[in-house]
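Visitor: Hello! I am new to this structure and would like a close look at a single part.

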Amino acid sequence: MVCPIRSICTCIRSAVKMKFTIVATVLLGLVLTPALSQFQFQDVKVNRGQYPRTITINVGLGVQTLTINRNSLVAIIQSESAENTWTTVWNYGTGYIATKLGQEGVCYVSTMNRVLMPALNSIALLAEQNNNVKGESVLSSSIRYVVSRRPARDLMSYGNDIFALCSGLPTFIAFEESQQEGGNQIFYNQNACYRLDVLNLVGIDYCRAGKV
């Protein structure tokens, strides 16, 4: 900085003030950086602590409980109706779903249809929007599975929650109605299907195959 002789004092004061401002700014940044980092870390911990999350949904005359665990990418839906007791596990990590029918004491395992089934991050919001809706519910999608006579083996490969659900029960593979196994047509009795109305969102039918 070049200053005239008559204003030398003014220039010196300006230079000192400028240096003080720079030093103060640097020190403020050093003080705030750890504080901001700690705040962001605490925020992440709070978000993770919100799961598993459980909500209750009214479906028809019964109640269903939805439990979501984003850490394991699993949604578990339980029907608490005395006449229609079932539990279904949707594992978005492995891509499989399993359903246990309480009255029949049997489990069905099938491939998840990610197009027709709601995404994990939206299932709770969609279910809550349809909660307490009066009148007949309109399902957004419907899936029909045909239960084969092939037993499901190595339940652990489908995920820990499916293993816990079906362990010790007769467990069979179910295929979507549009699927074919080994080029063979799947035949089933349309009047012998077990219907699940899941969270007023998805209708799932399990129909026993006559021959696979």
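Is Cys-193 buried, partly exposed or exposed?

Guide: Happy to help! Please keep in mind that this is a predicted model. Cys-193 is partly exposed, with a relative accessible area of 26%; to be called buried, a residue must be under 20%. Cys-193 also has a bonded partner: a disulfide joins this residue to Cys-207, with 1.9 Å from S to S. The torsion about that S-S bond is about 110 degrees, so the link is right-handed. Strand β9 holds Cys-193 and strand β10 (residues 202-211) holds Cys-207, so the disulfide ties together parts that are 14 residues apart in sequence. Unlike Cys-193, which is partly exposed, Cys-207 is buried, at a relative accessible area of 0%.

The count comes to two disulfides, and the other pair is Cys-107 and Cys-166, whose sulfur atoms lie 2.3 Å apart. This link is left-handed, with -80 degrees about the S-S bond. Cys-107 belongs to strand β6 (residues 106-111) and Cys-166 to helix α3 (residues 160-166), so here the parts tied together are 59 residues apart in sequence. Cys-107 counts as buried at 0% relative accessibility, and Cys-166 counts as buried at 0% too.

Now back to β9, the strand of Cys-193. Strand β9 (187-198) supplies at least two residues to the lining of the largest pocket, and so does β2 (62-69). That pocket holds about 280 Å³ of space. Its lining has 14 residues, and the closest to the centre are Val-59, Leu-61, Gly-62, Ser-81 and Asn-84. By class, the lining has five nonpolar, six polar and three charged residues.

Definitions and conventions
Residues are numbered from 1 along each chain as its sequence is written. This is a predicted model: local features need pLDDT of at least 70, side-chain atom pairs count only at pLDDT 80 or more; totals for chains, interfaces and linings use all residues. Side-chain values use heavy atoms; hydrogens and water are left out. On a 1 Å grid over the protein atoms alone, a cavity is a set of points where a 1.4 Å probe fits but cannot get out, and a pocket is an open set with protein on both sides within 12 Å along at least five of seven lines; lining residues have an atom within 4 Å of a point. Grid points are joined across faces, edges and corners, and a volume is the space filled by probe spheres set on the points. Helices (H or I, at least four residues) and strands (E, at least two) are DSSP runs, numbered from the N terminus. Ala, Val, Leu, Ile, Met, Phe, Trp, Tyr, Cys and Pro count as nonpolar, Asp, Glu, Lys and Arg as charged, and the others, Gly among them, as polar. A disulfide is a pair of cysteine sulfur atoms within 2.5 Å. Buried means under 20% relative accessible area, exposed over 50%, partly exposed in between (1.4 Å probe, protein chains only).
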